[in-house]
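Here are some notes to read alongside the coordinates, set out as numbered points. They begin with an annotated site and then turn to the pocket and the packing.

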Amino acid sequence: MGKIMVMEHPLIQHKIGIIRRTETSSKEFRELVGEIAMFMAYEATRGLKLRDIEIDTPITKTTVKELAGKKLAVVPILRAGLGMVEGMLTMIPAAKVGHIGLYRDPETLKPVEYYCKLPADCEEREVFVTDPMLATGGSAEAAIAMLKEKGVKNIHFMCVIAAPEGVKALSKAHPDVDIYIGALDEHLNDHGYIVPGLGDAGDRIFGTK
C-alpha cells in the first residue's frame, strides 16, 4: 500500500501561505512553487535505499553510502507540473525528466492524453509525478495509469495543495502509489476548484490569467 503524507515542515507551510495570497506576483509564485517542491523532494526521498561502497579520501580508504539500485525521474503533468521540476532537480540533479500532457474532454469531462515523452529507461526508475493541485484527481489518475501502461512500477505523486476528494479518488485508483501533499485543504467547490486553494496554479505560474 502507498502512503499518504501531508508535509508538516514549517518552511513548506510558510511558503504555501504566501502563494495562496491574491497579491503574490507570478514571478514570486513561480519561485516559491519551486522552493516548495525542493523541500517536498527532501521529505519524499527520505525512504530511498542506500548501499555501502568503498572510496579513497585524501587520507585513507573508507566506506560511504550512496543511493542504491534504481535512479530517479521527474514527470510533470503539463502544464502546471512544470513549476515543480526545477525545485526537484535542485535536490536530485541526476534525475531524468519526462512530460505528460492531458486535457479534459468538454463532453465526457475525462482526461485525454495529448503528449507523453518519458526517459527510455523510465520503467527502471523511481518516478515522481508532479502537479501543484490535486483537485478531483482525474488528471493524476490518468497520468499514473499511462505510466503503468508503459511499464513503470515505482511511482510517487507530489502536489502542493490537495482536496480530500482528490486524495480519496487517487488512492482508490492507485493504492500502490505514495502521495505527498504540501497542504490538505477543505473541499472542492461547484466549479471543481480547491477551497481555500490558490486559484489556477498554471495561470499563476505562467502569468496567463
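1. Where does glycine 199 lie? In this predicted model, glycine 199 is placed in the loop that runs between β13 (194-195) and α6 (201-206). Aspartate 200 belongs to the loop between β13 and α6 as well.

2. The interest of this loop comes from a record: the unreviewed UniProt entry carries a "binding site" annotation that covers Ile194, Gly199, Asp200 and Ala201. From this set, Ile194, Gly199, Asp200 and Ala201 are found in the lining of the largest pocket. The annotation may have been inferred rather than shown by experiment, and it should be read with that caution.

3. Are glycine 199 and aspartate 200 buried, partly exposed or exposed? Glycine 199 has a relative accessibility of 35% and therefore counts as partly exposed, since that class lies between the 20% and 50% limits. Aspartate 200, with a relative accessible area of 30%, is likewise partly exposed.

4. Leaving aside residues up to four places away in sequence, glycine 199 is in contact with Met133 and Tyr193, while aspartate 200, under that exclusion, touches Arg79 and Tyr193. A polar atom of the aspartate 200 side chain also lies 3.0 Å from the backbone nitrogen of glycine 202.

5. The largest pocket holds about 680 Å³ of space. Its lining is made up of 28 residues, and those nearest the pocket centre are Arg104, Asp131, Met133, Ala135 and Ser139. Two or more lining residues come from each of β4, β6 (99-104), β7 (111-117), β9 (133-134), α4 (138-149) and α6. Met133, one of the residues nearest the centre, is also a contact of glycine 199.

6. As for the packing, the largest nonpolar core has 35 residues, within which Ile19, Met88, Met158 and Ile161 have the most contacts. The elements giving two or more residues to this core are α1 (10-19), α2 (26-44), β4 (72-78), α3 (85-91), β10 (154-162), β11 (178-184) and α6, and the largest share, eight residues, is supplied by α2.

7. Isoleucine 19 illustrates how this core is joined to its surroundings: with residues up to four places away in sequence not counted, isoleucine 19 touches Thr24, Phe29, Leu32, Val33, Ile36, Val160, Leu198 and Arg204. Apart from the largest core lies another, of 26 residues, which includes Val75, Val127, Val152 and Ile155.

How values were computed: Residues are numbered from 1 along each chain as its sequence is written. This is a predicted model: local features need pLDDT of at least 70, side-chain atom pairs count only at pLDDT 80 or more; totals for chains, interfaces and linings use all residues. Side-chain values use heavy atoms; hydrogens and water are left out. On a 1 Å grid over the protein atoms alone, a cavity is a set of points where a 1.4 Å probe fits but cannot get out, and a pocket is an open set with protein on both sides within 12 Å along at least five of seven lines; lining residues have an atom within 4 Å of a point. Helices (H or I, at least four residues) and strands (E, at least two) are DSSP runs, numbered from the N terminus. Buried means under 20% relative accessible area, exposed over 50%, partly exposed in between (1.4 Å probe, protein chains only). Contact means heavy atoms within 4.5 Å. A polar contact is a pair of N or O atoms within 3.5 Å; within protein, one must be able to donate a hydrogen and the other to accept it, and residues adjacent in sequence count only if both atoms are side-chain atoms. A nonpolar core is a set of buried Ala, Val, Leu, Ile, Met, Phe, Trp, Tyr and Cys residues joined through side-chain atoms within 4.5 Å. Grid points are joined across faces, edges and corners, and a volume is the space filled by probe spheres set on the points.
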